[in-house]
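Work through the exercises below with the sequence and the model open side by side. Each task is followed by a solution in steps.

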Amino acid sequence: MDIEFVAAAQALPAKTALARIVFEGAALDGPLGQAAAASRFTGGKGQTLDVLAPAGTEAARLVLVGVGKPDGFDALGVEHAAASAYGAVKASGLTTLRIELPDAGPELAARAALGVRLASYRFDKYRTKEPAEKKPSIVKTEVVAGDSTAALAAFAPLAALADALSFTRDLVSEPANVLYPAEFARRVKALETLGLEVEILGEPEMMKLGMGSLLGVGQGSIRESQLAILRWNGAADKKAQPIAFVGKGVCFDTGGISIKPADGMEDMKWDMAGAAAVAGLMHVLAGRKAKVNAVGILGLVENMPDGNAQRPGDVVTSMSGQTIEIINTDAEGRLVLADAVWYCQDRFKPKFMVDLATLTGAIIVALGNDLAGCYANDETLAANLIAASNTEGEPLWRMPLPAQYDKNIDSMIADMKNTGGRPGGSITAAMFIQRFTNGVPWAHLDIASTAWKKPSSVPTIPDGATGYGVRLLNRMVAEKYEG
Ligand code: BES
Ligand code: MN
Ligand code: ZN
């Protein structure tokens, strides 16, 4: 999508749809009033009214976009309105969308552009037979801005965010025959062109480090497990203590020997969404040259049943030295994170660590499909994450780490076992990871509920991979940890 900020007076290109914001209850006169009355359009949030070639404009179509009451119309509202306008005309055959906002200030104009960028994301590389008339026709968006230079400057960090989100969504959408651990590693290695430093460890290196927990998960796969380490040193002091992010990257989760039912198993291609979000975060930090030192660690494995796969009852030794009895090979994400989180704090001594993982079905049972779960051993970190999640529209709900549940993962023969049973399944999974944090300030985001949406109810998020986590972490870093 080509984005341009233009003056209101600039002539409309041919084949343009013009989008105009309408507040709830605003009077529309003449033919527009008639059209609204004939279609139940009242300006309510999310409503659109598409009017063909109206008299008095050069536009081929006029799209009225309802945004509710003026006092509820904030930056996210602008994004959603722009995204809804795009949705209304994307396959109309017209090629340009021009958006007029009630306030043509640079910040909101930039947010409108972001809304269209996010809404126009599409993963269509494997469609070879889609008829042309079904494909989106809008290739350019013009946002009217009072000062187009200022708007373009305000859009720069948001364009970096949109690029990063496309990167994350692509990774999450890719099928597992294409995106296996080494391929994921190659794609993050390519981010070095943005100025990131990327190291990739393979199985021999992880063996040396003693990562028996992570390696046990990948043991049944013909694909080699990988650990990717991404670094962005943007702070004035390149040696300053970094902040750190760790992602679960299970490129496919069959469940292993504790195999999952066939129904819906295809969803487990996106069991690497935590790692993809961390990669996307590092992408945007580099893309907008954030003034922070940050580390991203991705634990990349494939969980397969095989003659060589790990068995229920096996005991593995993690890098921390702690031993783990495997009760269920489908509780593999925590085993990957155990070593990735330990490695992170051991090597980088970060200010804090945040891990992201599509960790449990239980978080979906607890919170439904709109909220991710936030576990934290540090109040400031938790508050910063929740505040950023609200600002960015990536809902997050604080969950408890009750000390009395810790014994649920004690094992009879090892230091711990990898499941604590069904009750509180997302909580005991978090408490398992907590045992590998070594007391470092830490938060765990269980994003099994939010990484993939079908159908999506948010206009800036097309069906499928959401990229959940990139926005909220980027916001938290920008507001609390830069400079
Ligand atoms: N990747 C799954 C969790 C998941 C489920 C993500 C649904 C997205 C949608 C995870 O590895 C898993 O299998 N968890 C088990 C844990 C259980 C065996 C203790 C679960 O949630 O059932
Ligand atoms: Mn699993
Ligand atoms: Zn999994």
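The exercises deal with the ligand site, then with one lysine, and then with two points of backbone geometry.

This is a predicted model, in which local features need pLDDT of at least 70 and side-chain atom pairs count only at pLDDT 80 or more, while totals for chains, interfaces and linings use all residues. Residues are numbered from 1 along each chain as its sequence is written, chains are lettered from A and ligands numbered from 1 in the order in which they are written, and side-chain values use heavy atoms, with hydrogens and water left out.

**Exercise 1.** Describe the surroundings of ligand 1, from the shell of residues to single polar contacts.

*Solution.* Begin with the shell, where a residue counts as near if one of its heavy atoms lies within 4 Å: there are 17 residues around ligand 1, and K260, D271, D330, E332 and G361 come nearest. Sorted by class, this shell holds five nonpolar, five polar and seven charged residues, with Gly counted as polar and Asp, Glu, Lys and Arg as charged.

Next, look for polar contacts, that is, pairs of N or O atoms within 3.5 Å. Oxygen atoms of ligand 1 lie 2.9 Å from a polar side-chain atom of D253 and 2.8 Å from one of E332, whereas G361 takes part through a backbone N or O atom, at 2.7 Å from a ligand oxygen. The protein covers 79% of the 520 Å² of accessible area that ligand 1 has on its own, as computed by the Shrake-Rupley method with a 1.4 Å probe.

**Exercise 2.** Locate K238 and find its partners beyond the sequence neighbours.

*Solution.* K238 belongs to the loop between strand 8 (226-233) and strand 9 (243-253), strands being DSSP runs of E with at least two residues. Leaving aside neighbours within four places in sequence, K238 is in contact (heavy atoms within 4.5 Å) with N233 and N293. In detail, the K238 side chain reaches the backbone oxygen of N233 at 3.2 Å.

**Exercise 3.** Examine the backbone at P455 and at K349.

*Solution.* Recall first that most residues other than glycine have a negative phi, and most peptide bonds are trans. The bond joining K454 and P455 is cis, with omega about 0°, and P455 is found in the loop between strand 18 (452-453) and strand 19 (464-465). K349, a residue other than glycine, has a positive phi near 45°; K349 lies in the loop between helix 9 (333-348) and strand 13 (353-357), where a helix is a DSSP run of H or I with at least four residues.

Methods. Polar contact = N/O pair within 3.5 Å; in protein donor to acceptor, adjacent residues only side chain to side chain.
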